[in-house]
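Got the viewer open? Grab your selection tool and follow along, one stop at a time.

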Amino acid sequence: MNKRMAILDLGTNTFHLLIAEVTDDRIIKVLHKAEEFVQLGEDGLERIGEMPFERGLQQIIKYKTVIDHFQPQHIIAFGTAAIRSAANGDEFIKQVKLICPMEVRKISGDQEAELIYLGVKQAVKLTSAPVLIMDIGGGSTEFIIADENKIFWKQSFPVGASVLMKQFQHHEPINEAETAQLKKFLMEQLNSLFLQQQKFAITQLIGASGSFDTFAAIIGLQFSYQEKEGAKTSFNFSPEQFQALYHQLLQSNLEERLAMKGMKTFRAKMIVVAAILTDVILHQFAIQKISQSAFALKEGVLWKLIQNEKV
């Protein structure tokens with residue numbers, strides 16, 4: 001008997017919903033996939049502000065309508081950086097469960113990283129060569145070093161796009177001093193990641209996040225990539241293509257970014273700091289190949305549920 005599952009990823013910036021049907025022989029059919037910009041961490045990660053709190057609940061009401069339509073047998077939600085960090089995170093979860101009765105879990109950065117890896121594995125063909133996976137969230141960014149079989153190292157850092165933009169980008173376009181300060185900050189914050197270079201020969205970066213979806217969409221349109229049309233779960237682009245986009249983003253103001261083909265409106269504000277973070281990683285690891293994964297945390301959760309494993 002086919003089983004329907006609904007998985008919600010309640011992120012710092014974006015709330016995601018995935019509804020899928022799984023057959024007895026474990027074939028997955030995606031019935032509905034959505035992402036909505038909620039900006040739960042708008043007032044910082046220490047506490048969910050009154051307005052973001054209400055926006056988050058309103059989005060759950062909207063998702064409840066969709067969930068009711070598909071009538072899944074299993075509903076589960078995961079709260080990441082904003083919900084796990086905020087003093088009133090538990091109160092938000094309580095209100096969410098009143099709207100939509102379901103299991104809601106606050107997960108650690110380590111747990112988040114593992115689920116992202118499991119999602120990426122379903123989207124990008126991994127080999128015995130270690131790769132670096134990164135997922136830029138609003139409140140945190142997860143880094144995972146892994147191959148097709150296992151995770152070697154993982155860590156969550158408090159360098160999400162929302163956090164970085166609030167702290168460093170105060171001009172449009174971002175100025176040289178802000179860019180230099182942000183890069184210096186990232187070099188300090190990500191020191192434990194950069195130490196891994198001595199242990200692993202990494203040449204490929206896999207990005208699993210809305211920022212990388214945006215990079216891929218814009219590059220795909222700018223370079224008229226056929227691969228973008230054919231590849232459903234991943235998309236490859238070169239460091240050189242990213243560099244061309246990177247410079248374009250740094251020199252653009254918000255209005256110009258909003259006009260870029262492939263740019264989602266709610267990504268335009270934070271895409272600059274996300275690009276700077278990505279650029280730091282590319283240079284530090286001398287990356288030769290970049291892949292975008294269409295799958296991340298939600299798909300990792302789905303995979304575990306299908307395997308009848310505890311999430």
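What covers the buried residues of α1? Keep in mind that this is a predicted model, then select residues 50–70, which make up α1. The cover includes the strands β1 (3–10), β2 (14–22), β3 (28–37) and β4 (74–79), along with helix α3 (89–99). Now show the side chains of the buried set: Pro52, Phe53, Gly56, Leu57, Gln59, Ile60, Tyr63, Val66, Ile67 and Phe70. If you like checking geometry, put a distance between the first and last C-alpha of α1: its 21 residues reach 31 Å, close to the 30 Å expected at 1.5 Å a residue.

Step just past the helix to glutamine 71, in the loop between α1 and β4. Its phi is positive, about 50°, although the residue is not a glycine. Glutamine 71 is also exposed, at 61% relative accessible area. For another one, go to the loop between β3 and α1 and pick glutamine 39, where phi is near 55°. Most residues other than glycine have a negative phi.

Next, the backbone between glutamate 172 and proline 173: that peptide bond is cis, with omega near -5°. You'll find proline 173 in the loop joining α5 (161–168) and α6 (176–189).

Last stop, the largest nonpolar core, with 51 residues. Select Phe143, Leu186, Leu190, Leu193, Phe215 and Ile281, which touch the most other members. Helix α12 (residues 271–285) gives this core its largest share, eleven residues. Zoom in on leucine 186: leaving out residues up to four places away in sequence, it touches Val159, Leu164, Phe194, Ile276, Leu277 and Val280.

Key
Residues are numbered from 1 along each chain as its sequence is written. This is a predicted model: local features need pLDDT of at least 70, side-chain atom pairs count only at pLDDT 80 or more; totals for chains, interfaces and linings use all residues. Side-chain values use heavy atoms; hydrogens and water are left out. Helices (H or I, at least four residues) and strands (E, at least two) are DSSP runs, numbered from the N terminus. The expected span of a helix is 1.5 Å times one less than its number of residues. Buried means under 20% relative accessible area, exposed over 50%, partly exposed in between (1.4 Å probe, protein chains only). Contact means heavy atoms within 4.5 Å. A nonpolar core is a set of buried Ala, Val, Leu, Ile, Met, Phe, Trp, Tyr and Cys residues joined through side-chain atoms within 4.5 Å.
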